[in-house]
Amino acid sequence: MSPRAGNAGPHTLAFVESPVQLLNVLEWAHAHAPDAGDGGGGGAASRAGVTLVVLSPNDPMTRGQLRRMAELARREGYEVRWEEARGGPAAPFRTVGGLAGMLRRAGRVVLGDPFSRYVQLLLTITGASELVVVDDGTATMEFVGQLARGERLVRWHRKGGRPGPRDLVFAPVSATARRRLTPGERRSVQIFSSMPIEETPPGVSVAANDFGWTRARFGPPRITKGADMVGTSLVETGVVDGERYLDAVRTLAKTHGATRYFAHRRESAEKLHRLAVDTGLEVVRPDLPLELIARRGPIGRTVLSFPSTVVHTLPLALAGTEVRVAVCDIDPAWLTQGASPRARGFLKGVTGTARGVDRLAAVSAG
């Protein structure tokens, strides 16, 4: 590595658990050091100061995308450390023990999911003077709001339910993590996000993620005449009824002439098989985050989505192209009985705050 690595500032330790988080760490590094990756000494120095730690999940689709993203990061010159963080009962103890020394030495910690119990546990160890939270999708919007209101950190689709036994046991760790994420005299906190931030916690700085790295590395894409659809895991998280979702996809695809369906990495194989049979859509399992897939192309002239992260990120990643992103509202009648009281308002907020998209009324579903 470059002998000037020390000039890049405090050593940065970045923890990621999903492909989108890893992508947004690369975007943060690109924005934090604009010369990174240009072949000059400054870029090499910037990359030398960042270690990416992948806390690998068990889900095969997520692992596959993470491995592809890790390859991209290594080609960019970053050090990547792959941790089998969930490989058996002893894995968390082994992982945390192996990272403790690095955590104590790091001057800056970047993380993608402040709701993650793993990340919260790691936050109790670090003494870093700088903390950076990069996007983990639309959950970032809820995290910032909860931090601003001093609430306990709870994912939006679980909010309103009673804490379970594991929540109660973990409560002291979660409370400590929340304090770590609150800026003070010895610690700065930054949110690096492409999401709309309406409630900024006191002392927290916000930097915009415009997907400059993605646009610089990929594309512009070849644009096809048809329409593509983006899948969502709202059924898998228990928010939306499966039958209503399939009906809505069928109607939306027929209305707009969609031919491909880009599956969310958490969508079940059974649901996707039925969707393909019932709708005739070609189901595509992306091997990279959709922002990179779309930017590399080919991509439809219209991209249809339900409320999700991509209605905020795709217009940025595809800026300067002729691709139209359209978002379809979730009809409240589609929500399951077990959906949290927060779900309806949160999904409406995801749609209502999206910039650079066309808004479609909720389709009729039987």
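A cavity is a set of points, on a 1 Å grid over the protein atoms alone, where a 1.4 Å probe fits but cannot get out. Grid points are joined across faces, edges and corners, and a volume is the space filled by probe spheres set on the points.

This is a predicted model: local features need pLDDT of at least 70, side-chain atom pairs count only at pLDDT 80 or more, and totals for chains, interfaces and linings use all residues. Residues are numbered from 1 along each chain as its sequence is written, and side-chain values use heavy atoms, leaving out hydrogens and water.

**Exercise 1. Find the largest cavity and list its lining.**

Step 1. Search the whole structure: one cavity of 30 Å³ or more turns up.
Step 2. Take its volume: the largest cavity holds about 30 Å³ of space.
Step 3. Collect the lining residues, those with an atom within 4 Å of a point. For the largest cavity they are Gly112, Asp113, Pro114, Phe115, Asp136, Ala139, Thr140 and Phe143.

**Exercise 2. Work out the strand order of the sheet.**

Step 1. Identify strands as DSSP runs of E, at least two residues, numbered from the N terminus.
Step 2. Pair two strands if DSSP finds at least two bridges between them. For example, β5 (residues 130-134) and β6 (residues 188-193) are parallel, with five bridges. Within this pair, Val132 has Gln190 of β6 as its bridge partner.
Step 3. Read the order: β3-β2-β1-β4-β5-β6-β7, an open sheet of seven strands with parallel pairing. Its edge strands, each pairing on one side only, are β3 (79-83) and β7 (205-208).
Step 4. Add the twist, which averages 20° from one strand to the next. Axes here are lines fitted to C-alpha atoms, for helices over the stretch in contact, and angles run from 0 to 180 degrees between N-to-C directions.

**Exercise 3. Describe helix α1: is it mostly buried or exposed?**

Step 1. Locate it. Helices are DSSP runs of H or I, at least four residues. Helix α1 (residues 19-32) lies across β1, β2, β4, β5 and β6, at about 155° to β1.
Step 2. Check its length. The expected span is 1.5 Å times one less than the number of residues. For the 14 residues of α1 that gives 20 Å, and the end C-alpha atoms are 20 Å apart, so the two agree.
Step 3. Judge burial (buried: under 20% relative accessible area; exposed: over 50%; partly exposed in between; 1.4 Å probe, protein chains only). Eleven of the 14 residues are buried, so α1 is largely enclosed by the rest of the structure. Among them are Leu22, Trp28 and His30.

Methods
Contact = heavy atoms within 4.5 Å. 1 Å grid on protein atoms, 1.4 Å probe; cavity = no way out; pocket = protein on both sides within 12 Å on 5 of 7 lines; lining within 4 Å.
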